Amino acid sequence: MGEEVKLIGSIQSLFSFRIEWALKLKGVEYEYIKEDVRNKSPLIFKYNPVHKKVPVLVHGGKPLPESLVILEYIDETWKDCPLLPEDPYKRAMARFWAKYADEKVIWVWQAYMAEGEEKEKAMGPALESLAFLDKEIKGKKFFGGEKIGFLDLAVGWIPHWLNVLEEVGSMKLLDAEKFPSLHEWAENFIQISPIKECIPPREELVSYFHSALIYLRSLSANKP
């Protein structure tokens with residue numbers, strides 16, 4: 001596969017890094033194009049006119065949006081270091097849990113934004129989703145077994161980004177006592193070289209999500 005590969009992403013995006021991790025695990029050379037999600041460039045409108053969001057993979061001039069779709073495309077295009085298991089049932093379940101986690105991240109976001117009783121209400125579903133993931137990873141090194149797989153990358157934002165959201169949003173979700181298996185996975189996952197080398201500085205994320213929280217709460221306060 002000698003065609004040019006570009007990844008349009010952002011450190012503010014919880015989902016951009018799963019694509020970068022996949023490319024690194026596969027040994028694919030790529031150009032990273034940094035996008036500012038608060039001041040979107042014409043490039044993102046050109047390559048993702050439907051959702052106007054990152055990440056976008058551009059392979060041989062052809063753009064592909066939506067991170068889980070991109071992960072499957074990468075796995076099918078570059079065969080080394082397979083992300084999805086060969087067994088059809090296990091493949092289907094990896095997709096199921098990845099979709100589940102992406103759907104439930106809204107509760108983490110709402111808990112981060114909310115205050116008082118509303119924060120407690122949002123934390124309930126967020127904790128429930130973490131409990132399911134804790135049960136799924138129990139007894140395994142990675143969700144993919146002995147090697148990092150599709151689901152590991154899909155929920156790979158949890159160790160770093162969730163920790164930042166917890167700090168900025170004054171909450172605690174990934175508790176080591178409540179979710180020991182998921183917590184242990186998070187500690188191990190973030191130390192893997194291809195994962196660790198892509199993770200943005202914590203201070204930069206804290207600064208971004210702090211300013212984002214102030215802005216989002218001001219919008220909420222000004223609603224009629």
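Let me begin with the aromatic rings: Phe17, Trp21, Phe143, Trp161, Trp185 and Phe189 are linked by ring pairs into a cluster. I should say at once that this is a predicted model, so please hear everything that follows as a description of that prediction. Across the whole structure there are 16 aromatic pairs. One of them joins Phe17 to Trp161 in a tilted arrangement, with 4.9 Å from centre to centre and 45° between the planes. This pair connects distant parts of the chain, since Phe17 belongs to helix α1 and Trp161 to helix α7, residues 158-168, and the two are 144 residues apart. Are these two rings buried or exposed? Phe17 has a relative accessible area of 4% and is buried, and Trp161, at 0%, is buried as well.

A second pair makes a useful contrast in geometry. The ring centres of Trp97 and Tyr100 lie 5.4 Å apart with the planes at 85°, and therefore this pair is classed as edge-to-face. Both residues sit in helix α4, three residues apart, which means that about one helical turn separates them. Trp97 is buried at 10% relative accessible area, and Tyr100 counts as buried at 12%.

Let me turn to helix α1, which we have already met through Phe17. How much of this helix is buried? Of its eleven residues, 16-26, ten are buried, so the helix is largely enclosed by the rest of the structure. The buried set includes Arg18, Glu20 and Lys26 alongside Phe17, Ile19, Trp21 and Leu23. Just after the helix comes Gly27, with a positive phi of about 75°.

Now to the nonpolar core. As a general background, nonpolar side chains in soluble globular proteins tend to be buried together. Here the largest nonpolar core has 67 residues, and those with the most contacts inside it are Trp21, Leu153, Ile158, Leu182, Trp185 and Phe209. Helix α4, residues 88-113, gives the most to this core, with nine residues. Apart from that core lies another one, of seven residues, including Tyr47, Val54, Val56 and Val58. If we follow Ile158 in particular, and leave out residues up to four places away in sequence, we find that it touches Leu130, Leu133, Asn163, Leu174 and Trp185.

Ile158 also brings us to the empty space, as it is one of the residues lining the largest cavity. A search of the whole structure finds one cavity of 30 Å³ or more, and the volume of the largest cavity is about 70 Å³. Its lining also includes Tyr100, Lys104, Ser129, Leu130, Leu133 and Trp157. The elements that give two or more residues to this lining are α4 and α5, residues 116-137, and the largest share, five residues, comes from α4. By class, the lining has eight nonpolar residues, one polar and one charged.

The pockets are next. The largest pocket holds about 840 Å³ of space, and it is lined by 30 residues, with Gln12, Ser13, Leu14, Phe15 and Lys53 nearest its centre. Which helix gives the most to this lining? That is α10, with six residues. By class, the lining of the largest pocket has 18 nonpolar, five polar and seven charged residues. The second largest pocket has about 480 Å³ of space, and of the 24 residues that line it, Leu83, Pro85, Phe143, Gly144 and Gly145 are the closest to its centre. Helix α4 gives the largest share of this second lining, five residues.

I will finish with the backbone, where I would ask you to look carefully at a few places. Most residues other than glycine have a negative phi, and most peptide bonds are trans. In this model, the peptide bond from Val54 to Pro55 is cis, with omega near 5°, and Pro55 has its place in the loop between α2 and β3. Lys52 is found in the loop between α2 and β3 too, where it takes a positive phi of about 55° although it is not a glycine, and at 31% relative accessibility it counts as partly exposed. Ser170, also not a glycine, has a positive phi of about 50°; Ser170 lies in the loop between α7 and α8 and is exposed, with a relative accessible area of 62%.

Methods: Residues numbered from 1 in each chain as written. Predicted model: local features only at pLDDT ≥ 70, side-chain atom pairs only at ≥ 80, totals over all residues. Heavy atoms only, no water. Core = buried A, V, L, I, M, F, W, Y, C linked by side-chain atoms within 4.5 Å. Buried < 20%, exposed > 50% of the residue type's maximum accessible area, 1.4 Å probe, protein only. Helix = DSSP H or I, 4+ residues; strand = E, 2+ residues; numbered from the N terminus. Contact = heavy atoms within 4.5 Å. 1 Å grid on protein atoms, 1.4 Å probe; cavity = no way out; pocket = protein on both sides within 12 Å on 5 of 7 lines; lining within 4 Å. Points joined across faces, edges and corners; volume = space filled by probe spheres on them. Nonpolar A, V, L, I, M, F, W, Y, C, P; charged D, E, K, R; others polar. Phe/Tyr/Trp six-rings, centres within 6.5 Å; stacked < 30°, edge-to-face > 60°.
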